[in-house]
Amino acid sequence: MSEVDMAVIKPEMMKSYIWLQTADGSIQQVEQEVAMFCPMICHEVIQKGMGSSKNYAISLPQRVNPAMLSLILDYCRFHQVPGRSNKERKSFDEKFIRMDTKRLCELTSAADSLQLKPLVDLTSRALARIIEGKSPEEIREIFHLPDDLTEEEKLEPLKNTTDDPRIRLLNRLYAKKRKELKERQKLKNIEVEEERVDDRSVDDLLSFINGDNGDSKGIKNSKSKKKNRRRKDQQKNTSANEAIKNHNKEPNGLNQVCHSAEVGQKVRAGVGATSNLHDVKDDIFDNKNELDDGDIDDEIDPALKEKIDRYCSYELRKSSKLTVSNEVTMEVEDFARRLNSDWPERMQEILSFGHERKPVHFSLNGNGSLRRYANSEQR
Amino acid sequence: MIGEAKVGNEDLNLCFEKLMMVAAGNSEGVKMNGVGITEWKDIPVELLLRIVSLLDDQTAIVASSVCSGWRDAICLGLTQLCLSWCRKNMNNLVLSLAPKFTRLQTLILRQENPQLEDNAVETISKFCHDLQDLDLSKSFKLSDRSLYALAHGCPNLKKLNISGCTSFSDEALAYLTNFCRKLKILNLCGCVKAATDHALQAIGRNCNMLQSLNLGWCDNVGDLGVMSLAYGCHDLRCLDLCGCVRITDDSVIALANECLHLRSLGLYYCRNITDRAMYSLAHSRVKNKGLTWESSMKGRYEDDGLKSLNISQCTALTPSAVQALCDTFPALHTCSGRHSLVMSGCLNLTSVHCACAVQAHRTFNTIFHTAH
């Protein structure tokens with residue numbers, strides 16, 4: 001029988017089919033009761049009389065590709081049967097949405113374009129569950145979103161549910177920084193954003209110093225800042241890479257964090273190394289959300305930043321020598337703790353070992369903040 | 001050791017590849033997967049907002065700082081926000097969020113411990129002009145500056161809760177009502193300095209759409225204020241005067257005569273209330289029965305009139321007056337299921353029953369307590 005004949009005798013003799021065409025051109029036929037479950041298809045059939053034959057196939061919206069269409073039709077095929085119990089439907093739904101996030105996004109979009117509200121609700125709720133509790137980086141990673149917000153927009157004091165004084169300090173700093181950033185807005189360009197991601201860990205360290213320092217002694221020169229960042233990256237990469245290689249990949253929480261962070265970091269090759277430090281810090285603080293978005297612009301002298309950077313890499317090198325994972329964990333925790341509390345004293349200790357080549361020394365002010373001296377005599 | 005290094009390199013390669021995919025943009029992604037969206041940022045704004053509406057407020061704020069597409073969508077679409085979960089940083093959060101979320105219509109800033117300061121409210125007034133519902137309860141630190149800012153910035157306010165803000169003055173509140181004329185629900189519970197007769201006169205003059213007013217524990221409220229309120233706000237439905245000890249029968253009589261839609265009245269601790277007030281309420285109902293002829297014909301008899309009345313500690317009342325009231329308003333109940341006529345502490349009113357309670361009493365012949 002020709003297709004035309006089939007179309008003519010369809011209502012009497014055989015099961016009715018609706019013809020659907022996806023945006024890539026492929027046409028398929030679907031049982032009528034299944035297809036009519038979708039309001040959009042239903043509308044096309046009833047109001048416009050489309051879908052009765054191959055030539056008059058209903059053109060589906062662009063967001064519906066064949067893979068998604070088959071998923072949606074599976075859903076319709078199950079739910080359009082009237083006799084099912086609520087429990088059955090619920091358990092089908094739960095199994096149905098078990099898929100990777102990418103497909104879930106596509107499915108949500110496709111269902112929305114077909115106006116299939118129950119499926120849109122189901123998938124939206126699943127996506128909401130995925131998004132809940134994640135940090136912006138994680139969300140960007142999951143959904144492949146561009147990291148295109150300026151530093152200023154990211155400076156949000158998000159939450160401080162653990163009454164952490166360090167976080168309060170950070171938040172106060174954020175507010176201060178936001179004001180200062182407004183003045184510097186003209187100097188910003190895209191290049192800065194790209195490099196920004198790597199340096200969060202060091203910036204976090206810097207902020208503690210900066211927070212203790214009353215006034216800024218930084219050079220507000222974006223160019224030199226960029227140069228220093230690049231230099232710092234290379235330096236950090238070489239030393240931190242060693243550190244990672246030497247860490248045992250045994251399943252302790254620290255390494256898992258590093259590992260997943262490396263996979264997750266997207267911006268640049270070699271970034272994984274720096275994320276190690278950052279996530280260690282996050283782990284210890286247990287405040288991912290507060291610190292993640294804080295790309296605090298440093299206003300500290302770039303030379304000082306160099307010092308601190310070398311201190312960090314020294315610590316990493318030190319910790320990399322240990323091979324037992326527990327000791328590594330302890331060492332890193334120790335490091336993080338020292339960062340928080342004994343920072344000025346520790347700096348003094350390190351610098352007094354003579355690791356620094358340049359004749360720049362630090363000393364403590366009366367209020368405990370660091371002060372840089374031009375030459376060693378003033379120590 | 002070497003093996004681990006290799007694994008590390010692979011991960012880095014993966015990162016790099018992902019970067020390339022993202023950087024290459026939309027077109028590459030589409031080619032790789034055929035037709036349909038592959039980049040989540042192409043998702044329509046309504047769909048994204050629908051998903052964000054399923055998230056809790058904290059996550060919604062996080063989502064607005066993910067990427068520029070999400071930021072724009074959320075900043076344009078977010079209309080409700082609650083920040084009461086903040087325990088320490090609510091002020092900073094408001095300062096940074098208010099300029100972003102300019103379409104907010106509902107903002108809940110009720111605090112467990114006072115954090116909010118005037119600059120935050122000023123920022124809200126500067127950016128969120130669509131605000132209709134604002135909850136600033138327990139903001140002990142706020143001063144009149146906030147009220148003046150709100151007056152200028154948020155003229156569309158319909159619902160305002162400033163209960164517990166003890167530093168507000170009645171001048172500032174009167175000023176606010178001059179600008180926020182659309183107020184429907186106003187909660188001044190505990191605002192002793194703000195809720196005075198002067199302020200109530202201003203409210204009566206300006207906020208003619210007012211439906212609900214809470215003046216709990218505002219002991220500066222007197223008859224003059226409540227009467228001005230009654231004459232000005234004819235649409236008043238809920239009024240709580242608990243703790244307003246200076247009130248006398250004149251207030252209630254004015255309310256009874258002017259506010260024909262009154263559904264809920266609280267007179268807890270208003271010791272000056274006597275039977276006169278009760279009879280006036282009953283009488284107004286009888287008068288109005290004629291006016292609501294259609295509604296009574298349609299069988300919505302119970303929908304009109306007082307539904308809830310609290311006369312606890314009004315020890316001057318006698319059973320006959322209150323019983324007359326209870327008979328006049330069928331929606332007032334003393335039965336345990338729908339208890340809405342509260343008479344705690346009025347030991348002489350134990351004999352007052354609603355119609356259904358009497359029925360039950362007769363049927364089951366049990367002792368029925370109306371006061372508890």
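How far is the sulfur of Cys165(B) from the closest cysteine sulfur, and in which residue does that sulfur lie? In this predicted model, the partner is Cys191(B), at a distance of 5.7 Å. This separation is too far for a bond, because a disulfide requires a pair of cysteine sulfur atoms within 2.5 Å. Cys165(B) is nevertheless a buried residue, with a relative accessible area of 1%. A comparable description applies to Cys218(B), whose closest cysteine sulfur belongs to Cys244(B) and lies 5.8 Å away, again too far for a bond. The relative accessibility of Cys218(B) is 0%, and the residue therefore counts as buried. Over all chains, the count of disulfides comes to 0.

Cys191(B) also enters the surroundings of Ile162(B), a residue placed in the loop between β4 (159-161) and α9 (170-179) of chain B. Ile162(B) has a relative accessible area of 0% and is thus buried. When neighbours within four places in sequence are left aside, the contacts of Ile162(B) are with Leu136(B), Leu147(B), Phe168(B), Leu173(B), Asn187(B), Leu188(B) and Cys191(B). In addition, the C-alpha atom of Ile162(B) is separated by 7.6 Å from that of Cys189(B), although the two residues stand 27 positions apart along the chain.

A second loop position was examined at Lys100(B), which is located between α6 (90-97) and β2 (106-108) of chain B. Lys100(B) has a relative accessibility of 17% and counts as buried, since the limit for that class is under 20%. The side chain of Lys100(B) forms a polar contact with the side chain of Ser64(B), at 3.3 Å.

Helix α12 of chain B, spanning residues 249-258, contributes several buried residues, namely Asp249(B), Ser251(B), Val252(B), Ala254(B), Leu255(B) and Ala256(B). Two helices and two strands of chain B receive the packing of these residues: α11 (223-232) and α13 (275-289), together with β7 (238-240) and β8 (264-266).

At the surface of chain B, Tyr148(B), Tyr175(B) and Phe179(B) make a nonpolar patch of about 250 Å². Tyr148(B) belongs to helix α8, which covers residues 144-153 of chain B. With a relative accessibility of 33%, Tyr148(B) is classed as partly exposed. This value satisfies the requirement for patch membership, because a residue in a patch must have over 30% relative accessible area.

The two chains were also described as wholes. Chain B contains 16 helices and 10 strands, whereas chain A contains 19 helices and 5 strands. Of the 372 residues in chain B, 50% are buried; for the 379 residues of chain A, the corresponding figure is 53%. Among contacts in chain B between residues at least 6 apart in sequence, 76% link residues at least 24 apart. In chain A, residues 24 or more positions apart account for 67% of the contacts with a separation of 6 or more. The accessible surface of chain B amounts to about 16000 Å², with 55% belonging to carbon and sulfur atoms. Chain A exposes about 17500 Å², of which carbon and sulfur atoms supply 51%.

Key:
Residues numbered from 1 in each chain as written. Chains lettered and ligands numbered in written order. Predicted model: local features only at pLDDT ≥ 70, side-chain atom pairs only at ≥ 80, totals over all residues. Heavy atoms only, no water. Patch = residues over 30% accessible without salt bridge, like charges linked within 9 Å, V, L, I, M, F, W, Y side chains within 5 Å. Areas by Shrake-Rupley, 256 points an atom, 1.4 Å probe, with all protein chains shown as cover. Salt bridge = Lys/Arg side-chain N within 4 Å of Asp/Glu carboxyl O. Helix = DSSP H or I, 4+ residues; strand = E, 2+ residues; numbered from the N terminus. Buried < 20%, exposed > 50% of the residue type's maximum accessible area, 1.4 Å probe, protein only. Contact = heavy atoms within 4.5 Å. Polar contact = N/O pair within 3.5 Å; in protein donor to acceptor, adjacent residues only side chain to side chain.
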